Amino acid sequence: MSVLVVVECDGGEVKKSSLEVASYGSQVAQMLGTTATAVAVGEATEANLAQLGEQGISKVLYDAEPRLKDFVNGAYTKLIAAAAEKEGAQVIVLANSNIGAAVGSRLSVRLKASLATNVVELPKNDGGSFTVKRGAFSGKAFADVVLTGDRKILAVKKNSIEALHEAGKTATVESFSASLSDADFADAPKQVVMQDQAGGVLLPEADRVVSGGRGMKGPENWHLIEDLAKALGAATACSKPVSDVDWRPHHEHVGQTGITVSPNLYIACGISGAIQHLAGVNSSKVIVVINKDPEAPFFKAADYGIVGDVFEVLPKLTQAIKELN
Amino acid sequence: MKFLVCISNVPDTTTKITFTPDNKEFNKAGVQFVINPWDEYALTRAIELKEAQGSGTVTVLNVGEADTEPNIRKALAIGADDAIRVNAAPKDAYFVAEQIAAIAKEGAYDVILMGKESIDYNGFQVHGMVGELLGIPTVAPAMKLDMSGNTATLEREIEGGKEIVEVATPFVASCQQPMCEPRIPNMRGIMTARTKPLKVVEPTGEGARTSVAEYALPPKKQGVKLIPAESAGDLIKLLRNEAKVI
């Protein structure tokens, strides 16, 4: 019996969401009176994996097969299932990312496990029932889900768990082979194309997000959003009407039918706050709304607001950040 | 080529979410139900591909009770050829996946499409479970899907980019924008939908692996603190000193 954590790596680094997942997994292990082992996928370095000790991980399994650098559902599923069997894992924790959800769902069938995605809190394990809180209705509600299977798989929503940092603790890194064959790589990507990210911050992983709506009047004005995002170290995003008219790409569309985000800070510029947009952002810790219409519904969901013209307000905010730094 | 498109019946995107007094169930009273918006991408793309091939069928599948039939008819009006309803309230993702896998196996479908997730339970699970139950590849979430013979080329979204993946039929894909422009039914479609076959079957399988103990709404916000536009820079100080987020 142990807890297995799936850690995603990119370019040698452990992803921020995986540091959160590792912290979540080690706390679950503590709760169950056991230890947390991680299995790493993607391109990792031994030194970075050893640092997962800071998140409470005691051991990291790593298969150095080069084809695992990119996401391959078949191979990742087999690798993680093999690690789960080796460790006798009762609970498997992964990120609620595109990779985590794609692998987690296949894994749940293979391991006959109960699966909860979008998990936002540590589980409760009392009276013999194992319950987790998850986001539902596109962020408009939460559900307490009882996992009835002997094995449980939890996909943890980004930014919902604070990453632990116990300085100086290291994990042992153990090489691990799941004896993958060519057939396991049948769905390997032919090509991987990375998008340009403003300021290099990925929207789904971002701590801070600056988002623009139709009130920005046109794509030629987006430099105002980008300047503020750059000063804040934030990702940029947009509302659905903006991506529908191609001012911004679809992967920046935040909302019920776009990306759901839960950053610490969400700044909405010229977005009125349709219920579908709110659904995608209302689990953000702090929401700032800038809109010239004082009746904009978004102000009701905001923590801070400025009633004013985005073209005047945004440069002032960017300036103020620069002064602060 | 035989396409199977799985649709779920969800509250309209403008719905204010409330629950029954014991917080055990979603309160359906007065709520308009629609085809899950993500599933519309799957449905339209399947119809487009069938049309491009000049042959084949698009079958719509829904796991739901009789009240989902208006939306099944809508899918038929958009252009699907026939429909199957598994007569059961969806219990959880695994339960739904078992029903889909059983139907997919029996009908020997080549391509199984669905939305990335449903906008009510947001599981993002069913596609992978179906793929694993059938032992075939899953591509999730897919932003583009083209077919050439029995080979599909898909663009899969990854954090920060996309991957181009080739898979042979049969496979499962969960769809999202910008795959296609979802269609709306025209009058001719609505008229012909009435006579298209809709088969009702009973559920099979082992059943659910999770259950919902209770629903809750997010805590109410304290109320907005307004900062005058002239002194917008003060907001930054508040975000640092009061909210402590920068």
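The exercises below, each with a worked solution, concern a predicted model.

**Exercise 1. The sheet around strand 12 of chain A**

Task: Work out which strands pair with strand 12 of chain A, and where strand 12 stands in the order of the open sheet.

Solution.

Step 1. Strand 12 of chain A covers residues 208-212. Five bridges connect it with strand 14 of chain A, residues 265-269, and the two run parallel. Two of the facing pairs across these strands are Val209(A) with Tyr266(A) and Gly212(A) with Cys269(A).

Step 2. Strand 13 of chain A, residues 235-238, is joined to strand 12 of chain A by four bridges, again with a parallel run. Here Gly212(A) has Cys238(A) as its bridge partner. Gly212(A) thus stands opposite Cys269(A) in strand 14 and is bridged to Cys238(A) in strand 13.

Step 3. The open sheet has six strands in the order 13(A)-12(A)-14(A)-15(A)-16(A)-13(B), with parallel pairing. Strand 12 of chain A therefore stands between strands 13 and 14 of chain A, while strand 13 of chain A and strand 13 of chain B (225-226) are the edges, each with a single partner strand, so one side of each has no neighbour in the sheet.

Step 4. The connection from strand 12 to strand 13 of chain A includes helix 5, residues 223-232, and the three elements form a right-handed β-α-β unit.

Step 5. As for burial, four of the five residues of strand 12 of chain A are buried, and the strand is mostly covered.

**Exercise 2. The nonpolar cores**

Task: Find how many residues the largest nonpolar core has and which helix gives the most to it.

Solution.

Step 1. The largest nonpolar core holds 55 residues, and Ile92(A), Ile100(B) and Ile112(B) have the most contacts inside it.

Step 2. The element giving the most to this core is helix 3 of chain B, residues 93-107, with eight residues.

Step 3. Take Ile92(A) and set aside neighbours within four places in sequence. Its contacts include Leu4(A), Val6(A), Ala84(A), Leu107(A) and Leu111(A). Lys152(A), Ile153(A) and Leu154(A) are also in contact with Ile92(A).

Step 4. There is also a second, separate core, of 42 residues, with Ala29(A), Ala40(A), Val60(A) and Val119(A) among them.

**Exercise 3. Ser18(A)**

Task: Decide whether Ser18(A) is buried or exposed, and list what it touches.

Solution.

Step 1. Ser18(A) is placed in helix 1 of chain A.

Step 2. The relative accessible area of Ser18(A) is 0%, so the residue is buried, the cut-off being under 20%.

Step 3. Not counting residues up to four places away in sequence, Ser18(A) touches Val6(A), Val7(A) and Glu8(A).

**Exercise 4. Backbone exceptions in chain B**

Task: Locate the cis peptide bonds before Pro141(B) and Pro170(B), and the positive phi values of Ala108(B) and Phe124(B).

Solution.

Step 1. Most residues other than glycine have a negative phi, and most peptide bonds are trans.

Step 2. The Ala140(B) to Pro141(B) bond is cis, with omega near -15°. Pro141(B) belongs to strand 7 of chain B, residues 138-148.

Step 3. The Thr169(B) to Pro170(B) bond is cis, with omega near -5°. Pro170(B) is in the loop between strand 9 (161-168) and strand 10 (171-175) of chain B.

Step 4. Ala108(B), not a glycine, has a positive phi of about 50°. It lies in the loop between helix 3 and strand 6 (111-115) of chain B.

Step 5. Phe124(B) has phi near 55° and lies in the loop between strand 6 and helix 4 (126-134) of chain B. Its relative accessibility is 7%, so Phe124(B) counts as buried.

**Exercise 5. Enclosed and open space**

Task: Give the volumes of the largest cavity and the largest pocket, and the residues closest to each centre.

Solution.

Step 1. The whole structure contains four cavities of 30 Å³ or more. The largest cavity encloses about 550 Å³.

Step 2. The largest cavity is lined by 36 residues, the closest to its centre being Asn96(A), Pro204(A), Ile259(A), Thr260(A) and Lys116(B). Strand 7 (129-136) of chain A and strand 8 (151-158) of chain B each supply at least two lining residues.

Step 3. The largest pocket has a volume of about 1600 Å³. Its lining has 43 residues, and those closest to its centre are Asn282(A), Ser283(A), Pro218(B), Pro219(B) and Lys221(B).

Step 4. Helix 1 (16-32), helix 7 (275-281) and helix 8 (298-301) of chain A each give at least two residues to the lining of the largest pocket.

Technical notes. Residues are numbered from 1 along each chain as its sequence is written. Chains are lettered from A and ligands numbered from 1 in the order in which they are written. This is a predicted model: local features need pLDDT of at least 70, side-chain atom pairs count only at pLDDT 80 or more; totals for chains, interfaces and linings use all residues. Side-chain values use heavy atoms; hydrogens and water are left out. A nonpolar core is a set of buried Ala, Val, Leu, Ile, Met, Phe, Trp, Tyr and Cys residues joined through side-chain atoms within 4.5 Å. Buried means under 20% relative accessible area, exposed over 50%, partly exposed in between (1.4 Å probe, protein chains only). Contact means heavy atoms within 4.5 Å. Two strands pair if DSSP finds at least two bridges between them. A crossover is right-handed if, with the strands pointing away from the viewer, the path from the first strand over the helix to the second runs clockwise. On a 1 Å grid over the protein atoms alone, a cavity is a set of points where a 1.4 Å probe fits but cannot get out, and a pocket is an open set with protein on both sides within 12 Å along at least five of seven lines; lining residues have an atom within 4 Å of a point. Grid points are joined across faces, edges and corners, and a volume is the space filled by probe spheres set on the points.
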